[in-house]
Amino acid sequence: MGKSTFLAAVNFCLTGIVPNPSETFLGMEDFLKDRSNFSKDYFTGRISEKDRKAAEVSLEITLSRQTYVITRGIFESKSLREFSIYDTNTGNKNRKKVFDTSKMSPAKRHTVYAKKIVDAIGLDSFEQFAFLQHFVFTFDERRELVFWTPKVLERALYLAFGVDPKLATQADKIRRDWDREGSHARNTTQEAKNVADRIRFIEGELSSNSINDPSDYEVVAQSEKLTNERDKIQSLLFRLKTDLDDAELKLANLSATQLSLRSEYETEFNKHIRSNSMLSLNPIITNSIDRDQCNLCGTGGTTAIEMIKLNTSANTCPLCNSVVKARPPDGESIRLLKEIDKKLNKAKEDFDEVYASKQRITSDLEQSDRALQKAERAVSVFERTNAKVLERLRLAGQGPNEVNRTLERLRERWKELDEKKKRHYELRDKKKAQLVRLQRKLSAQYTEAEKDFVPLFRELAVSFIGIELDVALETKETKTEAGINLVLTLKESTRRNEYQLSESQKYFIDIALRMALAQHMSENENRATLFIDTPEGSLDIAYEKGAGDMFARFVKSGHHILMTANINSSQILRTLADNCGPSMMHIEPMINWTTLSSVQKRDPQLFTKTLKPIQDKLRVRKGRAY
Amino acid sequence: MLDTKVMAEIAETHFSPVVIKEFGQVGSQVLREMLEFLRNELFRYIDVELYRKQIVVFKNIGKANPLSLKGSTVLPSVTHLAQGFKKGFVVQMLEQGKIRLWNNTSVDVNAISQKALVYVYHNRSDRFVAKGKVGRIPNPDSNHASVFAIPTFDSLVEALMFYKLKRANNSACKILVGVWFEEARLFFATVPRKPEEVMRDSLSEFLKSHLRGDVDVHPEHNVNETEPVDVRVQWLFSKSQGLIEIKWMGKSKSPQGKITANHGPSRARQGAKRLAEYLEEEKMQTPTNAVRGYLVVIDARRWGLKRTDTKIDSRNGLYYQNSEIEYSPEYHKIRDDFEEPIRMFVVPKLNV
Amino acid sequence: MYEKAELINSTAYFDTLYISIRLQTLLGSVFTGELHLLAYLSCLLGLYESHPVSEWGYGFTGTTEGAPYSPAITAASDQMERSGTVFRRHQIAYVSDRGFAECELLSSMYSNTTRQRYLEGACSSLLTLPIGIVREALSREPELRSMSIHRTARQLLQGPGLESLYRQFELLRSVLDHSSDILAPAMVWLTYLSCEPARNEVHR
């Protein structure tokens, strides 16, 4: 369990998904679909096979003065093992269960949970919750940037400033439809173009009167020759394949026959060889020999047994001295054996013959296959080299009526495509219009909220970057495009693209945006939690203290951060510890409950040494709390 | 590693591909008949070691006789040859086991081989000749005059007795011959190998080729005297084992001519004692295995042999020829897993 | 019923009987261990002529000492003893008249025609090579050699030694004229193997 896996597990418990970093965000509904397979893959390898069924993650979260207890199996995206609601804050031993799902099926439990949490948070759908949790409230190893991912930002803005969450749902759907119609329109346009090119070619050939060029007839002859050759080989190949199937079937049958005859022969043979013995078959004799001990007197040893064998293979009974006539070989048994042997021989001969035939057919097949490939290559090369001539000849071959009919068909097709394209564009434009209406609504609502939101963001961002900055909403309404965006201005210079900022700047400004959005969206009773994974990895040393200040400011405003970090010389933790103190900050060393690598195990004292100064800051001192 | 050259060379000269190449399927059939005749009849009845002159055996490929019948005798079987044809002979294989014999005849083997498959033994070498082409019959054990005269033994004691009489006695083994300091077989050499190592290898090689059954002959490489076994013979399917301990008596000399050892009967007795102790240990550890001990003593004692001697007369050389060792205790009489010790006297080369 | 219910493999039975008779003819008696050795050699000769191992009818294990062993041969041999086809004293067996007659009958079966060639080829090697030499030579074939090096028992003709064996056979085929006789390849190959360093020398 590493740092990123830990956060991924927490979010998985909440939403039932682990985002696939290689997939592009297309919409909230798409985001929630088909993630279960990636989620399973993510944890496979991190959980040992024997623990697969038992592995689960549990959370207790506070929401509207209630505690939600959720347990999800690590490989169960759409079900919950436990979901209960208690009426008091987490940690209170006297809490009372107010909602119980123990009698529900796991899948139903998840459905109920999804509804409850969405209602409690005040969203319109579970898709919105999943989107917010993974794209706005989590800054993880994917390093997805809200600010500079238009599709993500647009949805976030609708959710943050749209007042009615249904507006966000609507906007999400419209944007998705808009994209889809645009894509269809482009594809249809391309197809129409191809058809138009074909029409132009045929018209061009017709007008140039080059259809009946006599020198083309040699080409005809050659083409016919090559295609005939190819067709002949193809027929041969088909015939050979049929022959091969037949041969294989015959071989299977003959093989079965041989097996059956062999078994019959063995049985009869065993009857035959045992039928010739008399005394030696007697149980007393056979048992004596097998046990190496005379069954009559108990004498053991080689000499005794050899005597038994000698006496029982002779013609005299060793007990009563009577002459025992050796039975002549059973004539019937011999006859049967010979009969089966003859049949076996015949079956073998037949098998060998068919096998030889199969070998021959296989060899011919391979040869023909090679010949076919060669013939097809020759045809293909010839057609490529003489494409125009052949097309011309094909048209000539069709006759003027046929050519005209072809043209007519193509023109109809083009008309169809053109109309279809127009419909797609119309739809797209309709969607655009709808989107623009929503956009305007959002814009108005943002303007209302701006006076609260922008200062929030500025305060956070400036505490990090130390430079005056500003953010403004920008809407785009052109003939073909519509969209809504936030534009960052730094030192009076607009930074529309992420590459216009350093890595530290863009990541932490993005975090600041999320924090501001979280602050704006949260009610007093339900403060948001931000999940941050190893932020110091993306941080320039100059900004370390600033980052710490920014985080501390967010936390002091009543919100929460669940952060994973490396214990190193980074200032973030120290600054946080200084600012937050033990009442607002807790460090949980992962080394106590995770598997360390061999490198990490080498010097465990290093952890303690680096962690200690920070832990000291979080120790409650007598009479003074931070 | 595949040795193409060796394989090709063998194929080129080996009699079987040569015969089949020259005479085809018929030749193959005749070859089999001749091989059976040579192994199961002719060489069972004659001691080829005694023959200095050529022995020729042939069988017609077609109907025509390749050799004039003048001077020949038809005999009912090969047993009639048993009486000392020491000067060489020619035999034609006929039907029903009969043979036609020309004795004391030099023949043109090449000429006969045009119409018959011809076998020739001469001077410890066997070969077939087919249409003038010679096919070699490799002899895997050149201690025997002919490949058809290599015996096999059902029992280890039989084999050891043969070794005693035919190998050790005259040091007639290409391995054993290297144990001597000089040609006269007076002293054992210690360089390049110790005498007991040479003896062990000689006996192992002999037993491997001559013992029948599912036998595994393994020379042991002892690092110390506590493990007395020199050769281990194991019968794989019956779990029986024969442990052979080899001791030698006589004197050994270093390359500088210094006497390095002088062993007498006490050494043999020591060997017997150690072998008995070892058998006892083996019995305790693996009581279900049938283990038998064999003490082999190579005896090269010479009477009055001095360090500087290079030859010896028969009186001194054969002084110990019949001098058996007295053992006390006689383990072979008190233990049922201890074979009677076999002393193998090595005759020196007299007045060389 | 005290008799063991296991089916005796008919091809192993025939091979055991055939080899027993040939051993008795050539060497005067039959040793159990030699049955496995010659059966394995026969199988290899079949492999030389491109008959897949699976066609042989039964398998072989390599013992830790580097010798071939087939449970099917042992079972067949035991059954022969029980039915009086062979008589055994200690480790030495002799084929009875019944055994000879049985062999004649089984030799006439079509199923056994092809394998007789390889059995005969293997046994014929004893015409010029003592059994001990054949045993030594065969211990140097890639599969058995591998067994004695690794000292663990496993199924033969299924491991990496099989590739080396194929290559040896390929070379053998290339140096011999193509004839239908199996005696030549058997003899040449065994002679070649007997030139390879012994496994004892490998251990040194």
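Which residue in β14(B) does B:Ile298 stand opposite? Select B:Ile298 and look across to β14(B): the residue facing B:Ile298 is B:Met344. Bear in mind throughout that this is a predicted model.

**Strands of chain B**

Extend the selection to strand β13 of chain B, residues 290–299. Seven of the 10 residues in β13(B) are buried, so the strand is mostly covered. Now add strand β14 of chain B, residues 342–345, which runs parallel to β13(B) and is joined to it by four bridges. Next, add strand β11 of chain B, residues 240–253. β11(B) also pairs with β13(B) in the parallel sense, over 10 bridges. To see one of these bridges, pick B:Gly242, whose partner in β13(B) is B:Arg292.

Colour chain B by pLDDT before moving on. The chain average is 89, and 95% of the residues score at least 70. Confidence in chain B is highest in β14(B), at 96, and lowest in strand β4(B), residues 99–103, at a mean of 88.

**The largest nonpolar core**

Select B:Val19, B:Met34, B:Leu38, B:Val57, B:Leu117, B:Val118 and B:Phe128. Of the 117 residues in the largest nonpolar core, these touch the most other members. Helix α2 of chain B, residues 15–45, gives the most to this core, with 13 residues. Centre the view on B:Leu38. Beyond its neighbours within four places in sequence, B:Leu38 is in contact with B:Phe43, B:Val57, B:Tyr119 and B:Phe148. Another core, of 79 residues, lies apart from this one; A:Leu153, A:Ala160, A:Ile174 and A:Leu469 are among its members.

**Where chain B touches chain C**

Show chains B and C together. Each side of the contact is listed by residue count: 40 residues from chain B and 40 residues from chain C. On the side of chain B, the elements giving two or more residues are α1 (4–13), α2, α5 (195–210), β9 (215–219) and β10 (231–235). Keep α2(B) highlighted, as the largest share of that side, 11 residues, comes from this helix.

**A helix in chain A**

Finish at helix α10 of chain A, residues 302–313. Its 12 residues reach 17 Å from the first C-alpha to the last, close to the 16 Å expected at 1.5 Å a residue. Select A:Ile308, A:Thr312 and A:Ser313, which are buried. They lie on the same side of α10(A) because they cover an arc of only 115° around the axis. Then turn to the other side of α10(A), where A:Thr302 and A:Thr303 are exposed.

Definitions and conventions
Residues numbered from 1 in each chain as written. Chains lettered and ligands numbered in written order. Predicted model: local features only at pLDDT ≥ 70, side-chain atom pairs only at ≥ 80, totals over all residues. Core = buried A, V, L, I, M, F, W, Y, C linked by C-beta atoms within 7 Å. Buried ≥ 20, exposed ≤ 12 C-beta atoms within 10 Å, placed from the backbone. Contact = placed C-beta atoms within 7 Å. Pairing = 2+ DSSP bridges. pLDDT = per-residue confidence, 0-100. Expected span 1.5 Å × (residues − 1). Arc of directions from axis to C-beta.
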